[in-house]
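Biologist: I am new to this one and would love a friendly tour. Could you show me the structure, and then we can talk it through?

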Amino acid sequence: MARVLIADDDADIRDLVAFKLTQSGHRVTAVEDGMAALRAAREQLFELVLLDIRMPGMSGLDVCRAVRADPGTASLPVILITARSQEGDVELGFAAGADDYIVKPFSPRELSSRVTAMLSRVER
């Protein structure tokens, strides 16, 4: 399966996402802030990154922009996970370079399905 990076400052959400994806057979690295996520994305090989938008220090949007700006990570699929559900928030997420946008609260089954769909598109 895939190597997945998860960045969320909420330990409960981070643990839930990590558990669900590990249960699905993925190898997961979980971090608690944007700077750690960007550092991990640059230092390790991942097939997918899941980012919370609101994190201390560096937001998920900023991490997404930095991932897209770096030639070494520019093609890395990014899914934003956030409680921000207004149309303008979603537009900002996609404008930052996100490939998908999941609104909290979410179903772990939906998360797993979206991860599987994103990974299947990347493998083609």
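Modeller: Gladly! Keep in mind that this is a predicted model. We can begin with a pair of residues in neighbouring strands.

Biologist: Which residue in E5 is the bridge partner of Leu80?

Modeller: Leu80 belongs to strand E4, which covers residues 78-82. E4 and E5 pair in the parallel sense over 4 bridges. In E5, the residue bridged to Leu80 is Tyr101.

Biologist: Which helix packs on the sheet, touching E4 and E5?

Modeller: The helix in question spans residues 87-95. Its direction makes about 145° with that of E5. Gly93 lies in this helix, and the contacts of Gly93 include Leu80 and Tyr101. The helix is H4.

Biologist: Is Gly93 itself buried or exposed?

Modeller: Gly93 touches Leu61, Leu80, Ala98 and Tyr101, leaving aside residues up to four places away in sequence. Its relative accessible area is 0%. Buried means under 20%, so Gly93 counts as buried.

Biologist: Now the whole sheet, please. What is the order of its 5 strands?

Modeller: The sheet is open, and its strands pair in parallel. Strand E2 (27-31) and strand E5 (100-103) each have a single partner strand, so they stand at the edges. On average, neighbouring strands are turned by 20° against each other, direction ignored. The order reads E2-E1-E3-E4-E5.

Biologist: Which helix lies across strands E1, E2 and E3?

Modeller: Strand E1 is residues 3-7 and strand E3 is residues 48-52. The helix that crosses them together with E2 runs at about 160° to E1. It is made of residues 34-43 and is called H2.

Biologist: I would like to hear about charged pairs too. Which residue forms a salt bridge with Glu32?

Modeller: Glu32 sits in the loop between E2 and H2, while its partner is in helix H1 (residues 11-23), 18 residues apart from it. Glu32 is partly exposed at 49% relative accessibility, whereas the partner is buried at 12%. The closest N and O atoms are 4.0 Å apart, and the partner is Arg14.

Biologist: Which residue meets Arg42 in a salt bridge?

Modeller: Arg42 is in helix H2, and the residue it meets is in the loop between helix H3 (60-69) and E4, 28 residues apart. Arg42 is partly exposed, with 48% relative accessibility. The N to O distance is 3.3 Å, and the partner is Asp70.

Biologist: And with which residue does Arg114 form a salt bridge?

Modeller: Arg114 is found in helix H5 (residues 108-123), and its partner is in strand E5, 14 residues apart. Arg114 is partly exposed at 27% relative accessibility, while the partner is buried at 13%. The closest N and O atoms lie 2.8 Å apart, and the partner is Asp100.

Biologist: Which residues are joined into one network by salt bridges that share partners?

Modeller: A search of the whole structure finds 9 salt bridges. Where such bridges share partners, they can be followed from residue to residue. The network consists of Asp8, Asp52 and Lys104.

Biologist: One last stop: is Thr82 buried or exposed?

Modeller: Thr82 has its place in strand E4. Apart from residues up to four places away in sequence, Thr82 touches Asp52, Ile53, Tyr101, Ile102, Val103 and Lys104. With a relative accessible area of 1%, Thr82 is buried.

Technical notes: Residues are numbered from 1 along each chain as its sequence is written. This is a predicted model: local features need pLDDT of at least 70, side-chain atom pairs count only at pLDDT 80 or more; totals for chains, interfaces and linings use all residues. Side-chain values use heavy atoms; hydrogens and water are left out. Two strands pair if DSSP finds at least two bridges between them. Helices (H or I, at least four residues) and strands (E, at least two) are DSSP runs, numbered from the N terminus. Axes are lines fitted to C-alpha atoms, for helices over the stretch in contact, and angles run from 0 to 180 degrees between N-to-C directions. Contact means heavy atoms within 4.5 Å. A salt bridge is a side-chain nitrogen of Lys or Arg within 4 Å of a carboxyl oxygen of Asp or Glu. Buried means under 20% relative accessible area, exposed over 50%, partly exposed in between (1.4 Å probe, protein chains only).
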